[in-house]
Structures are given as C-alpha cells and as structure tokens.
Amino acid sequence: MLAILKKEINTFFASPIGYLVIAIFLVLNGLFLWLFKGEFNVLDYGFADLSAFFLLAPWILIFLIPAVTMRSFSDEKKQGTLELLLTKPISYINIILGKYFGAFSLILIALLPTLLYVYTIYQLGSPTGNLDMGSTLGSYFGLLFLIAAYTAIGVYASSITDNQIVSFITAVFICFLFYIGFEGIADFASSNFIEQLGMSVHYKSMSRGVLDTRDIIYFLSVTILFLMLTKVNINREKK
C-alpha cells in the first residue's frame, strides 16, 4: 500500500496537478473570504470566527476532490495498466487504499495553509484571542471526515469508467447528492430519517464543536461503503 501511496503522491507533484489543486483551493477561499464582498467575507461578517470558511469549503471540495480522484483508476484502465497492477503481489484493498490515501493526502496538504486563517482571526478578534477554538477545532474535524467521504466517492467513481470526465461528473453528482441532496428530499418529504442520510446535517453538527459518535460513525460508514464498492468494481475488472 505504501508503494502505491508514494507513487500517487509523486505523480501528483511530478505534474502541475498537485500544485494546481492546492493553488485553486487556496485562491478561491482567499478571494471569497477576504476580497469579494458578500456573505462569505470574513472582514464584513463582524464576528471573529471562521464559519464562512467552513460553509464555503465543502462546496469548493465537491468539485476539487473529484478532479483529483478522477484519474485514480480510470487512467489505469485507459492506458491498460490496471491489469498489470492487479497481477502484482498486493491485495486489491491495498491498491485501493494506496490510491485513496494518495488523493486524501494531497487534499490535506491543500488544507494545511488554511490554519493561517485561524491565526489571523485570532489576532483580529476584539480582544485578541476572542475566537471559539472548540467550534473551530470541531469544524476542522468535520471537514476532515467530509474530505474522507468525498475522496472515497471520487475513487469509486473512477473505478466504474475509463473516462476521466465521466468519472469527474459522476463523483460530483454523488457528492452533491450526499451533501445537500438528501436534505432537500427530506425537506420535501418532511422526513428526519432521510435528512440523517445526508452529510450536511452531520457536518454542521460537528461544526458546532460537538464530536458526536453518531456523526463520526456516519462518515466512516460512507467512506468504507464506497471503498468496498470500489473493491467490487476492481474484482469485476479482474474477471
């Protein structure tokens, strides 16, 4: 698995992909949070918190993570190297996890510089340090679990096709459905059960600084589900 992980990370940074993903994530967040006028502008918000960032980030990641994962398996299929990879003395789940953690690591690297936002808001608070660190820390944990689920969905979408564009569109659709789609359906059907199937309600719960085991189990379940579905697809490829 470690060999696959290193290969994926090296591939990302051997081409402009890795740098482009990090730059796009930081530039978009920076523009909306600090320059563009609107509801996401931290300076116009009037309160020393990062709620605008944690509200905006999931929407940017809905498109950014599928762009990272779309080549995971689809590129291997298109080049005909997947069959060769599957003959290596490594289990299918280790291959999947190697590609999964490779993409996950890249997104984490893109997320790390946003810790500067925490320091900036901490300094801008009146008085200095007037920042709800519990809520901020909970929001970062929620974002990490959201990224884990998005990445699993992206890897799954890449395993069902040899076309990267199809993989990207499929991943965006599924991520959108899980993040906000179930909430929309729940509002229409007035069903709390359907709402609980969506990521948004669990992410918002964690963003309040409350690390409920139900929310953690939900995100882990979604992540494991799509990784297992990826394994099913890879097994079919072998046959």
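Does Leu35 count as buried or exposed, and what is the relative accessibility behind that? What follows starts there.Is Leu35 buried or exposed? Select Leu35: at 58% relative accessibility, this residue counts as exposed (exposed means over 50% relative accessible area, buried under 20%, partly exposed in between, with a 1.4 Å probe and protein chains only). The model is predicted, so local features need pLDDT of at least 70 and side-chain atom pairs count only at pLDDT 80 or more, while totals for chains, interfaces and linings use all residues. Residues are numbered from 1 along each chain as its sequence is written, and side-chain values use heavy atoms, leaving out hydrogens and water.

Leu35 lies in helix H2, residues 16–35 (helices are DSSP runs of H or I with at least four residues, numbered from the N terminus). Now add Leu20, Ile24, Leu28, Phe32 and Phe36 to the selection: together with Leu35 they form a nonpolar surface patch with about 520 Å² of accessible area (Shrake-Rupley method, 1.4 Å probe; patch residues have over 30% relative accessible area and no salt bridge, and nonpolar side chains are joined within 5 Å; a salt bridge is a Lys or Arg side-chain nitrogen within 4 Å of an Asp or Glu carboxyl oxygen).

Next, select Asn29, also found in H2. Asn29 counts as buried, at 0% relative accessibility. Leaving aside residues up to four places away in sequence, Asn29 touches Phe53, Leu56, Ala57, Ile60 and Tyr117 (contact means heavy atoms within 4.5 Å).

Tyr117 leads to helix H8, residues 115–124, where Tyr117, Val118 and Ile121 are buried. They share one side of H8 because they cover an arc of only 100 degrees around the axis (taken from the directions from the axis to the C-beta atoms). On the other side, Leu116 and Tyr119 are exposed.

Finish at helix H12, residues 199–207, where seven of the nine residues are buried.

Definitions and conventions:
Helix = DSSP H or I, 4+ residues; strand = E, 2+ residues; numbered from the N terminus. Patch = residues over 30% accessible without salt bridge, like charges linked within 9 Å, V, L, I, M, F, W, Y side chains within 5 Å.
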